[in-house]
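Colleague: I would like to go through this model with you step by step. May I put some questions to you about its folding and its side-chain pairs?

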Amino acid sequence: MNLATSTYRRIKQLISKKFLLIFSISSLFAGGLVWACSDYGFDYEYSSFSPEAFVAKDYTPFFYTEYISYYGGGWGSGYENNPSRYNDQVINDWYGYFDQKIEKPALEYLLFKASYNGIDSVYNNFKGKIKELPGLAPALGAVKLNKKKTSAFFDYLLLAKSCESFAATDVVYSWEPQPQPSLPGSAEVQLLDHFKKAKDPFIKQRLWFQLVRYYYFAEKSDSTQHTTVSKTLKTFDTFKSAFPHNMMYYRTLGYVAGWHYKHKNYALSNYLNSLCYDYSTEAKIPSEWSFHPQEEADWQKTLQLAKTSSEKATLWQMLGINYDPQRAVTEIVRLDPKSEKLDLLLARIINITEYQDDNYYQTEPDTAAKSTLKQNTTLVSSIALKNNTAKPYFWNLAAGYLNFIGGNYAASRTFYQAAKKQLPKGDKLVMAQYKILDWTLFVKELKKIDANAEIKMIEPLNWFSDLYQGKDTIASLRFNKALRESISDIAELYKKQGDVVKANAFKSYHEFYMNNQNIVQMIAFLQKPGKTAFEQTMLRYYPFEQHDLYYHQSLVQVYQDKIDAAITLMNKSKSSGYLMPSNPFNMRINDCHDCDHALKQPKELYALDVLKAMQKMEAEIKTGKNVYNNAFLLANAFYNITFYGNARTFFQTRIMNADGATPFDIPEVFKPMLLSAKIAERYYLLAASAANSKEQKARCIFMASKCERNESYNKGYINPDKKDMNYWNSDIEPVFFGGHFAALKNQYKDTRFYQEILKECGYFKSYNNKY
């Protein structure tokens with residue numbers, strides 16, 4: 001009979017919440033308190049090779065990553081800062097101890113969540129000492145538990161819990177020295193007493209672990225221990241043959257390894273850590289983290305301690321993870337070419353080579369990376385050619401891929417063809433990996449794209465598109481880099497062949513959209529009836545639709561002051577454009593977008609509304625009606641739809657791709673259009689010529705000066721390579737102001753507006769004081 005779920009709930013209710021904390025009995029990593037830390041996220045965009053396809057899951061944490069300690073790690077992962085890595089094993093052990101009569105949730109709560117006082121309360125309830133809690137007796141009494149075992153369990157549990165104060169403390173990251181946990185003086189006496197009296201081998205082994213761990217911490221904090229016989233080693237050695245070599249044994253051995261490392265016996269420490277590492281998945285991370293060969297001499301001593309070829313292979317694998325994978329692979333192949341320890345190292349060699357070849361921050365040719373690529377290609381190719389490994393297809397794919405990275409496409413094709421015959425056909429991930437490598441090689445080998453090539457590309461392009469859109473999912477498959485680079489290569493080929501529409505369908509070039517004829521051709525292609533299968537596939541990669549193109553055409557017309565044509569095209573787009581965050585017909589002395597956006601607008605204005613208003617104003621100007629107001633409002637609008645204005649939303653389309661916070665984020669071909677305020681300046685000057693007063697003229701000339709000032713910045717933004725142009729320049733030299741500031745000072749010094757701009761515009765005030 002199993003303990004019911006309701007029983008678990010009653011146990012949980014019995015324990016006061018104020019005592020709850022998460023802890024793990026015997027929860028420290030083997031080898032001591034050594035936890036990894038990282039605050040970087042994952043980015044595998046440099047990779048087209050998935051180690052999960054070839055390497056056993058146990059080794060997942062050791063797949064190559066550039067910025068974090070463990071693959072899949074980082075904050076909140078189960079790999080780092082994890083005092084609960086052994087919890088499942090501990091629960092399973094106790095579950096077996098009780099002959100599966102206590103459910104695992106109840107054991108988990110007692111073992112890892114209950115406080116010392118809470119455990120004591122449940123124990124007293126079990127013994128019948130708590131009479132005032134009716135109904136709780138069945139919590140552990142409803143099932144036929146062995147009372148002797150249950151009492152031994154609680155006795156041990158209380159003792160183990162008392163050891164948490166020094167053995168399961170959390171890591172505190174601080175520049176300041178942190179106080180070391182203090183060991184209660186009574187702990188040794190209690191542990192020894194319980195250990196001597198324990199008859200049950202299961203309990204006794206755990207008490208042995210607690211004793212070894214206690215002595216490890218005691219001797220770690222005592223600088224005099226090097227002059228005395230180590231109780232850590234003595235306790236371990238005296239009883240190591242009395243217990244099975246199970247998880248508890250290797251966790252205990254981990255503290256012995258830690259003791260030897262502290263006392264600079266690196267050879268033995270590393271050997272013992274390798275035994276722990278090889279025993280179980282749970283022990284791999286702490287054992288690998290504690291593995292630190294210092295120099296060749298102690299490394300050779302470590303190898304001499306290995307009793308079998310398998311132990312030596314484990315040692316070489318651990319060395320290869322962090323130090324020298326090429327040497328490690330060579331040595332393991334010499335020991336046993338079919339060793340599974342090779343798989344992880346080969347995957348790391350590939351992913352490291354990929355990263356070095358595709359390092360985004362590398363601006364100059366990396367001689368070291370080229371040398372490493374050559375060495376790795378030679379090594380892996382030579383092993384693959386022997387065809388005597390456990391996974392020859394893995395080695396052939398790896399050799400082919402390394403040759404591919406190096407540009408040796410003929411050799412790459414030869415290795416891929418060999419691998420194709422060896423692939424495990426039922427393995428979806430492996431087959432997908434082969435498909436990616438074969439596809440990227442196919443694209444690189446293309447010299448020209450003709451009808452036959454297009455037919456061959458239909459299926460893989462649809463497959464990639466399904467993966468990208470989530471219509472097909474293959475766990476762990478790294479396909480983004482291969483997809484991105486291959487469609488870029490295809491686009492470049494089409495470009496060379498003069499087919500700009502197909503080139504742009506695969507990779508949208510900003511330059512394409514500055515040529516209206518290109519857009520006309522693209523619209524015609526989108527409207528083409530009876531598209532071929534390839535053309536339909538190709539359009540899965542094109543991110544825009546007809547209405548996007550019409551809208552872009554409309555914007556281009558606006559920035560040429562062709563408002564009538566712009567409205568016609570915007571109507572074709574079947575869109576009114578974006579909602580303006582503020583009224584673009586308003587203007588202030590100092591640009592303040594946040595101020596404008598915070599103002600409540602009496603009426604919502606969309607892009608099309610703005611254009612229709614501008615159309616009406618221009619029409620009235622042509623007839624000489626209300627020229628000053630119309631020209632001033634038009635100037636405001638043309639200013640505000642530039643980067644400097646309050647209505648950037650107007651041009652922030654997917655085609656423009658100009659959503660950044662600085663002019664440098666605007667694609668180069670669009671900068672002249674989106675940064676120029678020349679049209680606005682022209683209308684401000686028109687308004688000035690039609691002004692009815694000196695105050696109005698002064699306002700218009702000042703607004704024109706803002707346009708003039710921005711043009712001085714644009715020289716740097718549009719030509720960032722000019723060494724003599726400082727685009728952050730706030731000097732008041734005439735070159736940065738042109739003629740409008742001078743006109744203001746010479747002609748409008750007697751206006752009220754002149755005094756306003758002196759108060760609000762620091763640039764003009766500086767100019768006024770200097771000139």
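The following exchange takes up the helices, the buried residues, the salt bridges and the disulfide.

Colleague: How many helices and how many strands are there in the chain?

Modeller: Please keep in mind that this is a predicted model. Of the 771 residues of the chain, 51% count as buried. As for its regular elements, the chain has 37 helices and zero strands.

Colleague: What share of the contacts with a separation of 6 or more comes from residues 24 or more positions apart?

Modeller: Contacts here are sorted by the separation of the two residues along the chain. Among those with a separation of 6 or more, residues 24 or more positions apart account for 68%.

Colleague: Which helices hold Lys444 and Asp489?

Modeller: Side chains of opposite charge can pair when their charged atoms come close. Lys444 and Asp489 form a salt bridge, with their closest N and O atoms 3.2 Å apart. This pair links distant parts of the chain, as the residues are 45 apart and lie in helix H21 (residues 428–445) for Lys444 and helix H23 (residues 480–496) for Asp489.

Colleague: Is Asp489 buried or partly exposed?

Modeller: The limit for a buried residue is a relative accessible area under 20%. Its partner Lys444 has 34% relative accessibility and is partly exposed. Asp489 stands at 22%, and therefore counts as partly exposed.

Colleague: Which parts of the chain does the pair of Glu454 and Lys502 tie together?

Modeller: Glu454 and Lys502 meet in a salt bridge through their side chains, at 2.9 Å from N to O. The two residues are 48 residues apart in sequence, so the pair ties together helix H22 (residues 451–469), where Glu454 lies, and helix H24 (residues 500–506), where Lys502 lies.

Colleague: Are Glu454 and Lys502 buried or exposed?

Modeller: A residue counts as buried under 20% relative accessible area. Glu454 has 12%, and Lys502 has 14%. Glu454 is therefore buried, and Lys502 is likewise buried.

Colleague: Why do the buried residues of helix H36 lie on the same side of it?

Modeller: An α-helix has 3.6 residues a turn, so residues three or four places apart point the same way. The buried residues of H36 are Phe753, Tyr754, Ile757 and Leu758. They lie on the same side of H36 because the arc they cover around the axis is only 145 degrees.

Colleague: Which exposed residues does the face of H36 turned away from its buried side carry?

Modeller: A residue is exposed when its relative accessible area is over 50%. On H36, the face turned away from the buried side carries two such residues, Arg752 and Lys759.

Colleague: Which helices are included in what covers the buried residues of H37?

Modeller: In helix H37 (residues 762–770), the buried residues are Phe764, Tyr767 and Asn768. They are on the same side of H37, because their arc around the axis is only 100 degrees. The cover over them includes helix H35 (740–747) and helix H36 (752–760).

Colleague: What is the handedness of the disulfide of Cys592 and Cys595?

Modeller: A disulfide is a covalent bond between the sulfur atoms of two cysteines. The structure holds one disulfide, and in it the sulfur atoms of Cys592 and Cys595 are 2.0 Å apart. The torsion about their S-S bond is about 60 degrees, so the disulfide is right-handed.

Terms used. Residues numbered from 1 in each chain as written. Predicted model: local features only at pLDDT ≥ 70, side-chain atom pairs only at ≥ 80, totals over all residues. Heavy atoms only, no water. Salt bridge = Lys/Arg side-chain N within 4 Å of Asp/Glu carboxyl O. Helix = DSSP H or I, 4+ residues; strand = E, 2+ residues; numbered from the N terminus. Buried < 20%, exposed > 50% of the residue type's maximum accessible area, 1.4 Å probe, protein only. Arc of directions from axis to C-beta. Contact = heavy atoms within 4.5 Å. Disulfide = S-S within 2.5 Å.
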